[in-house]
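Me: I am new to reading protein models, and I would like to learn how strands and helices are described. Could you take me through an example step by step?

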Amino acid sequence: MAEVYSISMNKGGVGKTSLVTNLASILAKKHKKKVLIIDTDAQGNSSIAFGQNPYSFENTIYDVMLNGCNPKNAIHTMKKNIDLLPANDDMNFLEFDVLPHLDKYSRPYYLLKDGMKDIEKDYDYIFIDTPPSLGFVAGNCLTYANHVIIPFVPEMYDVKGLIRVIKAIAEFRNDYNPSLEVAGVIGMKVESSTSLHSEMLQEARRYCNQSNIYMYDTIIPKSIAFAKAVAYSNVPAILSSESKNKLVNSYDDVAKEFLEIESVKGQV
Ligand SMILES: Nc1ncnc2c1ncn2[C@@H]1O[C@H](COP(=O)(O)OP(=O)(O)O)[C@@H](O)[C@H]1O
Ligand SMILES: [Mg+2]
């Protein structure tokens, strides 16, 4: 049975899609795990990361959530062991298409969970790429997931913002999905040479330690080569030959840390 991870943060550009597509790719390629990526962001960037046009698919996550589409009819294999359930601009209309019709959709935050029924048995891990706001779609992701990982970019978002998001997720969990676990915070696009980044990371670590929230030891450094590989290669950067080793190593370390935590949980 798959463990379902939502990668959530109410900001764009913090590396949600990069983390989802690269972590999924390493787990699939190196660790032979069977992985499904569910894109729920209208920008469709998870498809684009694999060189696919998000408008080329007949069915998307919108059809699974609203039109009774069997997820199997919307899932496409991107690479060996990596499947993708794509999203596109239809997701921008989801809230508008649902909220005025609550007579028809009596459990609006459960549309994703209800739509994905019976898929977990086909995968080791499911990663949900989410939109850059904590709204209706993000709520559906947090209702379906067993775990949430929060990417944190020190320069774009201060620690108060991180705390605010963690608290909002914790409150949502109490109402809709009590078994949801905050599985970790990961420092993304970090420039370790700048004191601002180092200080903010330390502050975030202090808060996480105090609050009993796991913060990954591994950080993903900022890398221009990585951004270029994302823009030009049609595969997630870690699968691209253009990527520089430093970043590939960091993602390797994130995957190792991820699997270590999973194995500890398995023993409990
Ligand atoms: N480690 C990194 N170093 C430099 N740029 C990065 C890195 N990770 C992601 N990016 C770039 O940052 C931008 C936002 O990343 P993305 O994963 O799309 O974030 P989100 O999904 O949160 O909006 C993209 O242009 C991406 O190429
Ligand atoms: Mg994204």
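Reply: We will look at the sheet, then at one of its strands, and then at two pairs of helices. Please keep in mind that this is a predicted model.

Me: In what order do the strands of the open sheet lie?

Reply: The order tells you which strands are neighbours, and in this open sheet of 7 strands it reads 3-4-2-5-1-6-7, with mixed pairing. Neighbouring strands are turned by 25° against each other on average, when direction is ignored.

Me: Which strands stand at the edges of this sheet?

Reply: Strand 3 (76–79) and strand 7 (181–187) do, and each has a single partner strand, so one side of each is left without a neighbour in the sheet. Strand 7 is joined to strand 6 (residues 147–152) by 6 bridges, and the two run parallel; in this pair, Ile149 stands opposite Gly184 of strand 7.

Me: What are the partners of strand 5, and how does it pair with them?

Reply: Strand 5 pairs in the parallel sense with strand 1 (residues 3–7) over 5 bridges, and it also pairs in the parallel sense with strand 2 (residues 35–39) over 5 bridges. To place these pairings on the model, you can find Glu3 opposite Tyr125 of strand 5, and Leu36 opposite Ile126 of strand 5.

Me: Are the faces of strand 5 buried or exposed?

Reply: Both faces are covered, with Tyr125, Phe127 and Asp129 buried on one side and Ile126 and Ile128 buried on the other. Counted along the strand (residues 125–129), 5 of its 5 residues are buried.

Me: How are two packed helices described?

Reply: The description uses the angle between their axes and the distance between the axes. Helix 1 (residues 16–29) and helix 10 (residues 245–267) pack at an angle of about 70°, with their axes 9 Å apart, and they are therefore roughly perpendicular to each other. Their contact is made by Asn22, Leu23, Ile26 and Leu27 of helix 1 and by Tyr251, Asp252, Val254, Ala255 and Phe258 of helix 10. Sorted by class, this contact has 7 nonpolar, 1 polar and 1 charged residues.

Me: At what angle do the axes of helix 7 and helix 8 cross?

Reply: The axes of helix 7 (residues 159–176) and helix 8 (residues 195–210) cross at roughly 30° and come within 10 Å, and these helices are therefore roughly parallel to each other. Helix 7 passes helix 8 in a right-handed crossing. Val159, Leu162 and Ile163 of helix 7 make the contact with Met200, Glu203, Ala204 and Tyr207 of helix 8, and by class this contact has 6 nonpolar, no polar and 1 charged residues.

Technical notes. Residues numbered from 1 in each chain as written. Chains lettered and ligands numbered in written order. Predicted model: local features only at pLDDT ≥ 70, side-chain atom pairs only at ≥ 80, totals over all residues. Axes fitted to C-alpha atoms, helices over the stretch in contact; angles between N-to-C directions. Helix = DSSP H or I, 4+ residues; strand = E, 2+ residues; numbered from the N terminus. Parallel < 35°, antiparallel > 145°, perpendicular 65-115°, else oblique. Left-handed = near helix turned anticlockwise from the far one by under 90°. Contact = placed C-beta atoms within 7 Å. Nonpolar A, V, L, I, M, F, W, Y, C, P; charged D, E, K, R; others polar. Buried ≥ 20, exposed ≤ 12 C-beta atoms within 10 Å, placed from the backbone. Pairing = 2+ DSSP bridges.
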